[in-house]
Amino acid sequence: MKNIEITIKQIIDLLFPKLDAYEQMFYLYLFRNTILEDKIEFLIPISSIHKLVGFGIGRLGSPVSRQVVRNKFKSLEEKGCIKLVKRTRKGIIYQFYLPEEINGVINDTATTSNEINIDRMDFYKVQKNKIYILERENCKCFYCGKKITNQDFAVDHVTPQMLNGNNSYKNCVATCIDCNSLKQGKDAENFTRDLYRKQFLNKDEFSVLLQKLKDLSDGKLKPQMSDDKNFI
Ligand SMILES: [Zn+2]
């Protein structure tokens, strides 16, 4: 929560003076739908967004026009606050950036920013980051302990994506191919219990693994990164 407080202060004190009222409104809307939902990207329904946010701030109390919406998202992009990821039939997917990730907003990106950055990095889609997870696991399957290599491993969601698991280091582990395909959509704790019942794990290994899962979700198992600047 402390990071969020710092971020909100940075948004209001340092970023907002650089944005106009419309840009502030859309920026906050995206902040609410990405950071506060533990996501990096969000789909903006360009044709209806003017009815979802800022109703009444257009001329004579009307909604903002679509042209204004288009212009403001463009200027937010030019200011480095968001990045267009993909156009889809339902709208445009944008990646959202925090003040500390926007050039020229904060001069002193001290320790707190690194903390936030690693929390937001994608350890599932980004190949380089997957290797950091493999290294964190000491090249052993997180679940069964079997040796794995960078040619022969998978990154598994501890809480499956279909149960809203995200791609952060707190939810991604390196596993052998067998565990990854056996686990599929199961949640890690249930899968771990399965391994124990089927005697792939003894009692001690089972309790060590449960503790590791807890440490992981508490953020105690941060991957070591050789270059902190290459975040996604
Ligand atoms: Zn395994």
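**Close-up views of a predicted model**

**View 1. Helices H8 and H9 are roughly antiparallel to each other**. In this predicted model, the axes of helix H8 (residues 188-197) and helix H9 (residues 203-217) cross at roughly 170° and come within 10 Å. Angles over 145 degrees count as roughly antiparallel, so the pair falls in that class. On the H8 side the contact is made by Ala188, Glu189, Thr192 and Tyr196, which meet Phe206, Leu209, Leu210 and Leu213 of H9. Of the residues in this contact of H8 with H9, six are nonpolar, one is polar and one is charged.

**View 2. Helix H2, residues 21-33, and its buried residues**. The 13 residues of H2 should span 18 Å at 1.5 Å a residue, and the 19 Å between the end C-alpha atoms agrees with this. Which residues of H2 are buried? They are Tyr22, Glu23, Phe26, Tyr27, Leu30 and Phe31.

**View 3. Val53 in the loop between helix H3 and helix H4**. The loop that holds Val53 runs between H3 (49-52) and H4 (66-78). Is Val53 buried or exposed? Val53 is partly exposed, because 18 other C-beta atoms lie within 10 Å, whereas a buried residue would have 20 or more. Leaving aside residues up to four places away in sequence, Val53 touches Met25, Phe26 and Tyr29. Phe26 is also one of the buried residues of H2. Val53 and Pro63 are ten residues apart along the chain, and their C-alpha atoms are separated by 8.5 Å.

**View 4. Confidence along the chain, given as pLDDT**. The mean pLDDT of the chain is 87, with 89% of residues at 70 or more. Among the elements, strand S5 (residues 172-175) has the highest mean pLDDT, 97, and helix H5 (residues 111-120) the lowest, 62. Over residues 109-113 pLDDT stays under 50, and the model has four contacts beyond four places in sequence for them. The stretch 228-232 also has pLDDT below 50, with seven contacts in the model beyond near neighbours in sequence. Where pLDDT is low, the predicted coordinates should not be read in detail.

**View 5. The whole chain, with nine helices and five strands**. Along the sequence these elements follow the pattern α-α-β-α-α-β-β-α-α-β-β-α-α-α. Of the 232 residues in the chain, 30% are buried. Among contacts between residues at least 6 apart in sequence, 59% join residues at least 24 apart.

Definitions and conventions:
Residues are numbered from 1 along each chain as its sequence is written. This is a predicted model: local features need pLDDT of at least 70, side-chain atom pairs count only at pLDDT 80 or more; totals for chains, interfaces and linings use all residues. Helices (H or I, at least four residues) and strands (E, at least two) are DSSP runs, numbered from the N terminus. The expected span of a helix is 1.5 Å times one less than its number of residues. A residue is buried if 20 or more other C-beta atoms lie within 10 Å of its own, exposed if 12 or fewer, and partly exposed in between; C-beta atoms are placed from the backbone. pLDDT is the predictor's confidence in each residue, from 0 to 100. Two residues are in contact if their C-beta atoms, placed from the backbone, lie within 7 Å. Axes are lines fitted to C-alpha atoms, for helices over the stretch in contact, and angles run from 0 to 180 degrees between N-to-C directions. Angles under 35 degrees count as roughly parallel, over 145 as roughly antiparallel, 65 to 115 as roughly perpendicular and the rest as oblique. Ala, Val, Leu, Ile, Met, Phe, Trp, Tyr, Cys and Pro count as nonpolar, Asp, Glu, Lys and Arg as charged, and the others, Gly among them, as polar.
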